[in-house]
Amino acid sequence: PVMDGLEATIAIRSYERENQRHPTPIFLLSGNDTPAEITRYARAGINAFLPKPLDRSELLQAILTHTVQP
């Protein structure tokens with residue numbers, strides 16, 4: 001790949017700001033769940049961090065939280 005997930009997220013967020021677009025929900029699935037890494041993910045613009053192994057209910061909750069409009 002040309003860029004990793006964090007680089008892609010930063011590029012997407014930059015594009016959204018420059019083009020006045022609504023933010024796209026971005027979820028990260030990773031086995032690296034140290035507090036420092038989770039903070040790094042959040043700063044990059046990740047909406048939800050989902051640790052491996054994936055828990056289906058956590059995924060569904062993240063989808064509902066970040067995509068359902070009130």
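Is R13 buried or exposed, judged by its relative accessibility? R13 counts as buried, because its relative accessibility is 9%. The legends below describe close-up views of a predicted model.

**View 1. A salt bridge within helix α1 joins E16 and R13.** The side chains of these two residues meet with an N to O distance of 2.9 Å. Both residues belong to helix α1, which covers residues 5-18. They are three residues apart, or about one turn of the helix. E16 has a relative accessibility of 6% and therefore counts as buried. R13, at 9%, is likewise counted as buried, since the cut-off for a buried residue is under 20%. Side chains of opposite charge can pair when their charged atoms come close.

**View 2. A salt bridge within helix α2 joins E37 and R40.** Two salt bridges are found in a search of the whole structure; the one shown here has an N to O distance of 2.9 Å between the side chains of E37 and R40. Helix α2 spans residues 35-44 and holds both partners, which are three residues apart, about one turn of the helix. E37 is buried, with a relative accessible area of 17%. R40, in contrast, counts as partly exposed at 43% relative accessibility, because partly exposed residues fall between the limits of 20% and 50%.

**View 3. Helix α2 has a buried side and an exposed side.** The buried residues of α2 are E37, Y41 and A44. These residues lie on the same side of the helix, because they cover an arc of only 65 degrees around its axis. On the other side of α2, the exposed residues are P35, A36, A42 and R43. The cover over the buried residues of α2 includes α1, β1 and β2, the last of these being residues 48-51. After α2 comes G45, whose phi is positive, near 110 degrees.

**View 4. Y41 and F49 form a stacked aromatic pair.** A search of the whole structure finds one aromatic pair. In this pair, the ring centres of Y41 and F49 are 5.5 Å apart, and the planes of the rings differ by 20 degrees. The pair therefore counts as stacked, as the angle is under 30 degrees. Y41 is buried, with a relative accessible area of 5%, and is one of the buried residues of α2.

**View 5. S30 in strand β1 is buried.** S30 belongs to strand β1, residues 27-30. Its relative accessible area is 12%, so S30 is buried. A polar atom of the S30 side chain lies 2.9 Å from the backbone nitrogen of N32. With neighbours within four places in sequence left aside, S30 is in contact with Y41, F49, L50, P51 and K52. Y41 and F49 in this list are also the partners of the stacked aromatic pair.

**View 6. T67 in helix α3 is partly exposed.** Helix α3 covers residues 56-67 and contains T67. T67 has a relative accessible area of 38% and so is partly exposed. A polar atom of the T67 side chain lies 2.4 Å from the backbone oxygen of I63. Between T67 and N32, the separation is 35 residues in sequence and 25 Å in space, C-alpha to C-alpha.

Notes:
Residues are numbered from 1 along each chain as its sequence is written. This is a predicted model: local features need pLDDT of at least 70, side-chain atom pairs count only at pLDDT 80 or more; totals for chains, interfaces and linings use all residues. Side-chain values use heavy atoms; hydrogens and water are left out. A salt bridge is a side-chain nitrogen of Lys or Arg within 4 Å of a carboxyl oxygen of Asp or Glu. Helices (H or I, at least four residues) and strands (E, at least two) are DSSP runs, numbered from the N terminus. Buried means under 20% relative accessible area, exposed over 50%, partly exposed in between (1.4 Å probe, protein chains only). A polar contact is a pair of N or O atoms within 3.5 Å; within protein, one must be able to donate a hydrogen and the other to accept it, and residues adjacent in sequence count only if both atoms are side-chain atoms. Rings of Phe, Tyr and Trp (its six-membered ring) pair if their centres lie within 6.5 Å; planes under 30 degrees apart count as stacked, over 60 as edge-to-face and the rest as tilted. Contact means heavy atoms within 4.5 Å. The arc is that of the directions from the helix axis to the C-beta atoms.
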